[in-house]
Structures are given as structure tokens and as C-alpha cells.
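Here's a quick briefing to read alongside the model. Have the sequence and the 3D view open as you go.

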Amino acid sequence: MTRDQSSPIPITIITGFLGSGKTTLILNLLPQLRAANPSYRLALLKNEFGDLAVDSQLASSSAIAGVSELLNGCICCNLVGQLSVALSELQSTVRPDRIVIETSGSAFPATLALEVNRLARETGGQYVLDGVVSVIDVENWKGYEDTSYTARIQARYTDLIVFNKWEGAGERRFDEVLDRVGDLEVDTAWVKSDKGWVDMSVVFGIDGGLARGLTEEDGHVHDDKCGHDDKHKHDHQTEVEVLSIELKSGNREATVDAAKLLAFLRKTNKDEVYRIKAVLAVSAKTAREVLKNSDEDTKVSAPPTSAESEAQTTRYILNWAFGRWTFTPVAAEVKEHESSSEAILRMTMILARYESTKWKKRLEAGGLLELEEENGKGELSVTKVN
């Protein structure tokens, strides 16, 4: 299953709206690849809103051979020029058997597929587009697909649709979503995941059927609903608004008040806020006694329990989507990304349109994101990125 180094590197594009479960799908493919071939090397190129690298750090803690992340823009428009450099760097440093490109929640897969095909031609066949996979969150898709042109485009221009998070939604909700996908009048293969798990033979080896039939017009997707003009302005990025948040202190040993953070997560309205991603520092004792995932069956990994470790600070990655969240410890052997390194709290909030101003004022008013009491007040900065 290892790639002949003289053959093209297959590239799989995985897209889907915010919080659909793209990263979970990718991480669940890794054990399957390694079971088939322990030396298999999968590289991940990730694009995300805001200026905080979170999912790439989660991936780095797994068996992914190499991770690169493009921040603060969209890979199918203002960051598209960086795609060639990023792929070349992964090719030279990782020598991967496959590269997965995980897009931001707003990217147009058709545009990206055309760019990969162009790079394949220009590099003399160093790459080949294997396929485009779109992940749909069944539980929440009905809530935004009527208003999000991008969500419909992602479902339409794809080789395979993975229906995710259907287990808790019920068969009736799944049938409704399936009917709405059917309204797109495209004959697209689909599969239901098993809590984010799909057999790798279904996801890989699609052979890019979509891309072979695409034209430049598909890549530009001119449509008044999306607000595009003849200069190909990707106004799909305005479908969401992004806040960048940092909690600072003069005390480098300061930690986040986990109880207030949990209260904030529980009260956040999922119709106003789509995603919250953060890297934070908490005391070992607080992590053990206070920190909780939204799913009580999924325990937060506890820090060391020795007496010496009581005063230690433990770093966690927070991933919140549509009212559910998990805390994942930052592995000691993983070098933290510069966007969050040594920060007490660095957070990105991805919100629905017209919600950022209200939430910025709410955060700045205080009481939601604060340091533990013994660490003092701290300084909170909230910046609108998009």
C-alpha cells in the first residue's frame, strides 16, 4: 500500500461546513491505514478561519506523518497561491504516500479541485486528484443549509458525501437531509459514518470523477446568490464572522478559570456561534476536578496525579461545535504552534453573520473568560478577524 516514489502523490480534498466532523473523519482513517501498512505516511494540509492553529495540533498528536496549516484566509481564493508551496514542502519533508487537504468550512471544492489539477499539470504529474469528499452534519445541517449557499455548493460539487452525526438525529431527520441533497439533482455516492468512522476503501480511490468533468465556470461558481462578481470575489467568506480572543497576564504561570469557561460553553447559543476552538492552560488540580467534556461518557484525559504535579500547568485543546465540546491534552512531545505557544488562552470563535459585534461586547464586559482567582484579573483582548 506504500506509494511508488516515482508515481504521483494522490490528493484527497475533504470539505464540509463548520463543525461537520472533517477532522474526526481524517483521524479515524489513520488507524486503518497503519493497520494495512505500519509505514504508511499520510500528510495533512489544513485551512482554517482565524489565526489560531488548533486542528493541526490535534493531528500532530496522532500518527499523521506531517501537518501544515494555512491560517487567516480561504484556500480556494486569497490563499490559493500558497497551495503550491505548501504541497511542495510536504512532499520534500514528509515524502507522503497521500496528502489530505482539509478545507475551511467555507471553501468551494470545485475551485480547489481545479487548482490541484493545474498544479499536477505544471509539476509534470507529481500530484493526482484522487477525489473530493464532503461531510454533512445531519443533526445540524437542516438548520443552516437553507441560508448557506456555500453548504449547498459543497454538497453539489463532490464525489462522495459522508453523512455524519446522524445517530442522535433519528432516521426521520436523516431522510429529510437526504431529500434535500436529492433536490440538488446530482447523482452523488453517499455513505453514513459510524460516529465519524468510514472505511478507508470508501474514502480513498474515488479517482477524481468530479474533477474530470469540471470547467473553469464551475470553479468560479458565478451566482448572484453568493454575491460573486466578474472578478471572482469569494464573498462566501462573509457567511460567517470570526473573533480572535486572547487572555493575557503578567504572571506566566497563570491559568484559566475552568468553571467559568465551562459555564460559558454551556450557555453559548449554537444558532449564533458555530465553532469555538482554543488552546488553554489550566492547573493540574483544576483539570482533574473541574474540566468536563459535554459528553459525560467521554472523560477528559487527566494530568499526572503525583504530589509534585499538583502545581503544574496542563495545556489543553478545546474544540466546541454546535453545543458539544471536548478537551484534549496537548501531547508533551508535540511542539506547540506559534499561534498559541505559551499563551494562557488563545481562542477563535466562528459566528453566524451579524453576531460578532454583540459577542465582542459580551466578552469584553467580563465574567466569561477569566483567570483563576489567585492569578489576578488578567487582560482580555477581542479582535474581529472577518
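Is valine 186 buried, partly exposed or exposed? With a relative accessibility of 28%, valine 186 falls in the partly exposed class, because that class runs from 20% to 50%. Keep in mind that this is a predicted model. The protein chain has 13 helices and 13 strands, and 55% of its 386 residues count as buried.

**How far to trust it**

- The protein chain averages a pLDDT of 77, with 69% of its residues at 70 or more.
- Confidence bottoms out in helix H10 (residues 216-220), where the mean is 50, and peaks in helix H13 (residues 356-364), where the mean is 95.
- Residues 221-236 have pLDDT below 50, yet this stretch has 37 contacts in the model beyond near neighbours in sequence.
- Residues 304-310 also stay under 50 in pLDDT, and the model gives them eight contacts beyond four places in sequence.
- Where pLDDT is low, the predicted coordinates shouldn't be read in detail.

**Around valine 186 and alanine 189**

- Valine 186 sits in the loop between helix H7 (171-182) and strand E7.
- In sequence, valine 186 and threonine 158 are 28 residues apart, and their C-alpha atoms lie 9.6 Å apart in space.
- Alanine 189 belongs to strand E7, which covers residues 189-192.
- At 43% relative accessibility, alanine 189 is partly exposed too.
- Setting aside neighbours within four places in sequence, alanine 189 is in contact with Asp159, Leu160 and Ile161.
- Alanine 189 and valine 202 are 13 residues apart along the chain, with 10.0 Å between their C-alpha atoms.

**Strand E4 and its partner**

- All five residues of strand E4 (residues 98-102) are buried, so the strand is largely enclosed by the rest of the structure.
- Arg98, Val100 and Glu102 point one way from E4, while Ile99 and Ile101 point the other way.
- The charged names in that list, Arg98 and Glu102, are buried along with the others.
- E4 pairs in the parallel sense with strand E1 (residues 9-16), over four bridges.
- Opposite glutamate 102 of E4 stands isoleucine 14.

**The six-stranded sheet**

- An open, antiparallel sheet is built from six strands in the order E11-E10-E9-E12-E8-E13.
- Strand E11 (324-329) and strand E13 (379-384) are its edges, each pairing on one side only.
- On average, neighbouring strands in this sheet are turned by 15° against each other, direction ignored.
- Strand E8 (residues 240-248) and E13 run antiparallel and are joined by six bridges.
- Lysine 248 has glutamate 379 in E13 as its bridge partner.
- Helix H11 (residues 258-267) packs on the sheet, where it touches strand E9 (273-283), strand E10 (313-321), E11 and strand E12 (345-352).
- The direction of H11 makes about 145° with that of E11.
- H13 packs on the sheet as well, touching E8, E9, E12 and E13, and its direction makes about 15° with that of E8.

**A closer look at H13**

- Ser356, Trp359 and Leu363 are buried in H13.
- Viewed down the axis of H13, its buried residues fall within an arc of 65°, so they line one face of the helix.
- What do those buried residues pack against? Their partners are E8, H11, E9, E12 and E13.
- Glycine 366, just after H13, takes a positive phi of about 95°.

**Cores and overall contacts**

- The largest nonpolar core has 33 residues, of which Phe327, Met347 and Met349 touch the most other members.
- E8, H11, E9, E10, E11, E12 and H13 are the elements that give two or more residues to this core.
- A second, separate core has 20 residues, including Ala43, Ala86, Leu112 and Ala120.
- Across the protein chain, 80% of the contacts with a separation of 6 or more are between residues 24 or more positions apart.

Methods:
Residues numbered from 1 in each chain as written. Predicted model: local features only at pLDDT ≥ 70, side-chain atom pairs only at ≥ 80, totals over all residues. Heavy atoms only, no water. pLDDT = per-residue confidence, 0-100. Contact = heavy atoms within 4.5 Å. Buried < 20%, exposed > 50% of the residue type's maximum accessible area, 1.4 Å probe, protein only. Pairing = 2+ DSSP bridges. Axes fitted to C-alpha atoms, helices over the stretch in contact; angles between N-to-C directions. Core = buried A, V, L, I, M, F, W, Y, C linked by side-chain atoms within 4.5 Å. Arc of directions from axis to C-beta.
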